[in-house]
Amino acid sequence: MSTAWQDPDSVSLMLDDLETWAVVGLSDNPSRTAWSIAQLLQSRGKRIVPIHPSAVPVHGEQGYATLADVPFPIDVVDVFRRSEDAGEFADQAVAVGAKTVWFQLGVIDEAAFDRTIAAGVPMVMDTCPAIEWRKRGR
């Protein structure tokens, strides 16, 4: 694992300072990890924005089919997709002007990480907000 993928300053920025989290892959299926992590984010004061082709509301928040459909600024794009599909969402995050990108535990795309960082957008990869908050005892 590259420690650059989990830069403590980037993790702190996202967890402590940023509010609006677009959760790619979030549907209304409570058996999916994205559903429970989105609920955790909300309990920590974050605004979640479901990004899923079905665009259904989740946890009381309107869903959108794509990142480009979101009509307000996004702070964090949190990606719950397979590694081979995740890179396109990092590219879309940069394109829509998101402040940061977070790839969930097990989601690794080194080329996407390099592109995102090179674009000046902080990125965290292969970890989860729940894990990072637990490490801090919160």
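**Exercise 1. Contact order in the chain**

Task: In this predicted model, determine what share of the contacts with a separation of 6 or more comes from residues 24 or more positions apart.

Solution: Contacts in the chain with a separation of 6 or more are taken as the reference set, and within that set 58% are made by residues 24 or more positions apart. The overall dimensions can be set beside this share: the C-alpha trace spans about 35 × 35 × 25 Å along its principal axes. The radius of gyration is 13 Å, which agrees with the value near 14 Å that a compact globule of 138 residues would have. As for burial, 45% of the 138 residues count as buried, while the accessible surface comes to about 6600 Å², with 49% of that area belonging to carbon and sulfur atoms.

**Exercise 2. The order of the elements**

Task: State how many helices and strands the chain contains, and in which pattern they follow one another.

Solution: The count gives five helices and five strands. Reading along the sequence, one then obtains the pattern α-β-α-β-β-α-β-α-β-α.

**Exercise 3. The buried residues of helix H1**

Task: Identify the buried residues of helix H1 (residues 8-17) and work out how they are placed around the helix axis.

Solution: The buried residues of H1 are Ser10, Val11, Met14 and Leu15. Viewed down the axis of H1, these buried residues fall within an arc of 115°, so they line one face of the helix. The next step is to look at the other side of H1, where Pro8, Asp9 and Asp17 are exposed. Finally, one asks what covers the buried residues, and the cover includes strands E1, E3, E4 (100-103) and E5 together with helix H5.

**Exercise 4. The buried residues of helix H2**

Task: Carry out the analysis for helix H2 (residues 33-43), naming its buried residues and the elements that cover them.

Solution: In H2 the buried residues are Ala34, Ile37, Ala38 and Leu41. Around the axis they cover an arc of only 105°, which puts them on the same side of H2. Their cover includes strand E1 (20-24), strand E2 (47-51), strand E3 (76-79) and helix H5 (129-135). After H2 comes glycine 45, which has a positive phi near 90°.

**Exercise 5. Threonine 100 in strand E4**

Task: Decide whether threonine 100 is buried or exposed, and list the residues with which it is in contact beyond its neighbours within four places in sequence.

Solution: Threonine 100 is located in strand E4. Its relative accessibility is 0%, and threonine 100 therefore counts as buried, the cut-off for that class being under 20%. Leaving aside neighbours within four places in sequence, threonine 100 is in contact with Leu13, Met14, Leu18, Asp75, Val76, Val77, Val121 and Pro122. One of these partners, Met14, also appears among the buried residues of H1.

**Exercise 6. Two alanines in helix H4**

Task: Classify alanine 111 and alanine 112 by their relative accessible area.

Solution: Alanine 111 is found in helix H4 (residues 110-118), and alanine 112 lies in helix H4 as well. Alanine 111 has a relative accessible area of 41% and is partly exposed, whereas alanine 112, at 0%, is buried. Once residues up to four places away in sequence are set aside, alanine 112 touches Gly87, Ala90, Phe103 and Met123. Two C-alpha distances complete the description: alanine 111 and valine 121, 10 residues apart along the chain, are separated by 14 Å, and alanine 112 and serine 83, 29 residues apart in sequence, are 9.9 Å apart.

**Exercise 7. Positive phi outside glycine**

Task: For histidine 59 and aspartate 126, give the phi value, the location and the burial class of each residue.

Solution: Histidine 59 is not a glycine, yet has a positive phi of about 50°, and it is found in the loop between E2 and E3. With a relative accessibility of 22%, histidine 59 counts as partly exposed. Aspartate 126, also a residue other than glycine, has a positive phi near 65° and lies in the loop between strand E5 (123-124) and H5. At 17% relative accessibility, aspartate 126 counts as buried, since the class takes in values under 20%.

Notes. Residues numbered from 1 in each chain as written. Predicted model: local features only at pLDDT ≥ 70, side-chain atom pairs only at ≥ 80, totals over all residues. Heavy atoms only, no water. Helix = DSSP H or I, 4+ residues; strand = E, 2+ residues; numbered from the N terminus. Rg over C-alpha atoms; globule rule 2.2 N^0.38 Å. Buried < 20%, exposed > 50% of the residue type's maximum accessible area, 1.4 Å probe, protein only. Contact = heavy atoms within 4.5 Å. Areas by Shrake-Rupley, 256 points an atom, 1.4 Å probe, with all protein chains shown as cover. Arc of directions from axis to C-beta.
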